[in-house]
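Please read this note with the model open beside you. The points below concern the ligand and its surroundings, followed by one residue elsewhere.

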Amino acid sequence: MTEQRTSLHGHWSSKIAFILAVAGSAVGLGNIWRFPYMAGENGGGAFVLVYLACVVVVGLPIMMSEILIGRRGRRNPVATMRLLGAEETGTTAWRWVGILGVVTGFLILSFYSVIAGWAVAYIFEGGSGIFIGAGPETVNSVFAGLISDPVTTGIWHSVFMAITVFVVALGVEAGLERAVRVLMPALILLLIALMVYGMVVGEFMDGFKFLFKPDFSKLTGEAVLLALGQAFFTLSVGMGAIMAYGAYLPNEESIVRTSIAVVLADTGIAILAALVIFSITFQFGVDETSGPGLVFVSLPLAFGQMTGGVFVAVSFFVLLTFAAWTSAISLMEPAVTYFIEQLKFSRVGAALTVGVIIWGLGFLTVMSFGPWADLMWRGRTFFDWLDFLTNNILLPVGGFAIVVFAGWFMAKNSTADEIDPEAGLIYRLWRTSARYVVPIAIFVVLLNATGLLESIRAYLMP
Ligand code: TRP
């Protein structure tokens, strides 16, 4: 066993603190905003099935790899990849994996914060009572009015970035644990209550069938890539966020159990949210392919019909904002620790610098939903491209590099040390996944979606 490093920034106060932090990172807009509309746009059941397979087969092994690399390096992801790369392979070039992750985090948070800003805005829309008894027309026009107005969305984006920078500047360990411990159960309870509501007055069975009855004729190569991208996004893997958190994990804690707990919680919340949303979507005849607006145009309809709906609406969007907030913190963490350790910034200085850059970038997304909404290149807006590039290209490529490093370039001793030494079978499963299953799966999905696989097949079998 090599000497075990201690973290440059202290440790999580307990095992549960680490699980809560990773779960806080994983559970966010990806579960409640993105998963339902992606499932809606891609035909439901078959997409959901592929997504679930990607979470377990690809996402889980990458999450374990990120934690083990992070804990072994005990530094920011760039320095960790450089250090372990040098130790295991004699080259520092692996730092580029860390740098790619930092850049990916900037890009993702730049649009993430804008969407989170919509959630903040909806706390006030919901509180104003505008949804009471409202029909689809009103609800649609409230949403369209919000996103087409770059000043309002720009302000809420700024507010969201400010509260994110604030926590990161204080140091993540401080408030994160307590916030997640209270708010995550609250979010789950509220979603369960809404699901029961959907069972009683909504079209729960229609929603259920839509999500779980696969129609494989709707499954294109592109949809498979989108499902893979969604798996990366929802689990926060592929860019070093989990690696950065792993740097604070005490040596004796189990990577396997932590990862499985987080994956289960994250997937459960996504499915729950989708069941709620589709019960309502089918009840009110909302178009399930309506894209990024789906949560914002379906849930308010139900809130408007229920007694105490104003309270429920405000609670829901407050909890959604918090969930987005704990995710946003993790998107900044790799860059911030990099600025602190490598560029010798203070924590406050690093948080402010990174925050301002991301905040500025965010206005491109603000404009993309507003004045530039009709500005398209190859049928996609700026936001569509940013979303596609990050979730479907950069995260899979980053995850590929991470898992190949852990599976092929790290010595067996090193990885076995980190993953439960007693867990023989699980270790072998992880290693086989890291060496073969995950890299091949990512490679094939990417090739297939670009149409290259088809060309190769046509070339080999004319
Ligand atoms: N997983 C978060 C969500 O579902 C978003 C997120 C946080 C993320 N950190 C990340 C996505 C790192 C990719 C990489 O909302």
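**Notes on the ligand site**

1. An N or O atom in the side chain of Ser-236 is 2.9 Å from a nitrogen atom of the ligand, which makes a polar contact, meaning a pair of N or O atoms within 3.5 Å. The backbone also takes part, since a backbone N or O atom of Phe-233 lies 2.7 Å from a nitrogen atom of the ligand, and a polar backbone atom of Ala-26 is 2.9 Å from an oxygen atom of the ligand.

2. Please bear in mind that this is a predicted model, in which local features need pLDDT of at least 70 and side-chain atom pairs count only at pLDDT 80 or more, while totals for chains, interfaces and linings use all residues. Residues are numbered from 1 along each chain as its sequence is written, and side-chain values use heavy atoms, with hydrogens and water left out.

3. The ligand is surrounded by 17 residues, each with a heavy atom within 4 Å of it, and the closest are Ala-26, Gly-30, Tyr-112, Phe-233 and Ser-236. By class, this shell holds nine nonpolar, eight polar and no charged residues, where Asp, Glu, Lys and Arg count as charged, Ala, Val, Leu, Ile, Met, Phe, Trp, Tyr, Cys and Pro as nonpolar, and the others, Gly among them, as polar.

4. Leu-83 is partly exposed, with a relative accessible area of 24%, because this class lies between buried (under 20%) and exposed (over 50%), computed with a 1.4 Å probe and protein chains only. The C-alpha atoms of Leu-83 and Gly-399 are separated by 18 Å, although the two residues are 316 residues apart along the chain.

Notes. Polar contact = N/O pair within 3.5 Å; in protein donor to acceptor, adjacent residues only side chain to side chain.
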